[in-house]
Amino acid sequence: MHELSIAENIIEIVVEAAAKENASAVSRIILDIGRLSGIEKDALQFAMNVVIKGTIAEHAEIILNDIVGRAHCAGCGQDSVINDFFELCPHCNSHELEILSGKEMKVSKIDVVIT
């Protein structure tokens, strides 16, 4: 389960960001998770709930935004939604797809409480 190490890295980022702001707590963490990232969202949510305990973000709401996979076809010039790296272009069946989005995994926003 690589989601556990990802969750640990996310919490490190969150705790560091909160410390820079002299925050007393973190109220919300928003993550952007691409469908093509290889990250299992349910496993990440579970891992986040485990590693967040005992940190400044222990009571934070965790929101996982789903980022759709999109690709541009070099064959026909069309953009389309894809769910897998090995999909063919739905317009012309070409395999010359350039991934535009869906591989990302990022901490999009951290809301902190300053008292």
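These legends accompany close-up views of a predicted model.

**View 1. The three-stranded sheet.**
Three strands make up an open sheet, ordered 2-1-6, with mixed pairing. Strand 2 (61–67) and strand 6 (105–113) are the edge strands. Each of them has a single partner strand, so one side of each is left without a neighbour in the sheet. From one strand to the next, the twist averages 15°. Strand 1 (residues 25–34) and strand 2 run parallel, joined by seven bridges. One pairing to pick out is G34 with its bridge partner in strand 2, I67.

**View 2. Two helices against the sheet.**
Helix 2 (residues 41–51) packs on the sheet, where it touches strand 1 and strand 2. The direction of helix 2 makes about 160° with that of strand 2. Helix 1 (residues 3–20) packs on the sheet as well, touching strand 1 and strand 6. Between the directions of helix 1 and strand 6 the angle is about 40°.

**View 3. Helix 1, end to end and face to face.**
Does the length of helix 1 fit its residue count, or where does it depart? The 18 residues of helix 1, at 1.5 Å a residue, should span 26 Å. The end C-alpha atoms of helix 1 are 26 Å apart, which agrees. The buried residues of helix 1 are E3, I6, A7, I10, I11, V14 and A18. Seen down the helix axis, these buried residues fall within an arc of 135°, so they line one face of helix 1. Their packing partners are strand 1, helix 2 and strand 6. Exposed residues E12, E16, A19 and K20 sit on the face turned away from the buried side.

**View 4. The largest nonpolar core.**
This core has 21 residues. Those with the most contacts inside it are I29, L31, L44 and M48. At least two residues of the core come from each of helix 1, strand 1, helix 2 and strand 2. Helix 1 gives the most, with six residues. In soluble globular proteins, nonpolar side chains tend to be buried together.

**View 5. The surroundings of I29.**
Which residues touch I29, once neighbours within four places in sequence are left aside? I11 and V14 are in contact with I29, and so are M48, I52, A57 and A60. The list also takes in E61, I62, I63 and K109. Another core, of six residues, lies apart from the largest one. Its members include A71, I82, C89 and L97.

**View 6. The hairpin of strands 3 and 4.**
Strand 3 (residues 69–73) pairs with strand 4 in the antiparallel sense, over four bridges. R70 stands opposite V81 of strand 4. Five residues lie between the two strands of this hairpin. In the turn, G77 has a positive phi of about 80°. Strand 4 (residues 79–82) has two faces: S80 and I82 on the covered one, D79 and V81 on the uncovered one. In a regular strand the side chains alternate between the two faces of the sheet.

**View 7. Two asparagines with positive phi.**
Most residues other than glycine have a negative phi. N22 has a positive phi, near 55°. It comes just after helix 1, in the loop between helix 1 and strand 1. Is N22 buried or exposed? Its relative accessible area is 63%, and the cut-off for exposed is over 50%, so N22 is exposed. N93 also has a positive phi, near 65°. The loop that holds N93 runs between strand 4 and strand 5 (97–101). N93 counts as exposed, at 57% relative accessibility.

**View 8. L36 and its contacts.**
L36 lies in the loop between strand 1 and helix 2. Buried or exposed: which is L36? At 6% relative accessibility, L36 counts as buried, the cut-off being under 20%. L36 and N83 are 47 residues apart along the chain, yet their C-alpha atoms are separated by 6.8 Å. Residues up to four places away in sequence are not counted in the contacts that follow. L36 touches G69, I82, N83, D84 and F85. I99, S101, G102 and K103 also touch L36.

How values were computed
Residues are numbered from 1 along each chain as its sequence is written. This is a predicted model: local features need pLDDT of at least 70, side-chain atom pairs count only at pLDDT 80 or more; totals for chains, interfaces and linings use all residues. Side-chain values use heavy atoms; hydrogens and water are left out. Two strands pair if DSSP finds at least two bridges between them. Axes are lines fitted to C-alpha atoms, for helices over the stretch in contact, and angles run from 0 to 180 degrees between N-to-C directions. Contact means heavy atoms within 4.5 Å. The expected span of a helix is 1.5 Å times one less than its number of residues. Buried means under 20% relative accessible area, exposed over 50%, partly exposed in between (1.4 Å probe, protein chains only). The arc is that of the directions from the helix axis to the C-beta atoms. A nonpolar core is a set of buried Ala, Val, Leu, Ile, Met, Phe, Trp, Tyr and Cys residues joined through side-chain atoms within 4.5 Å.
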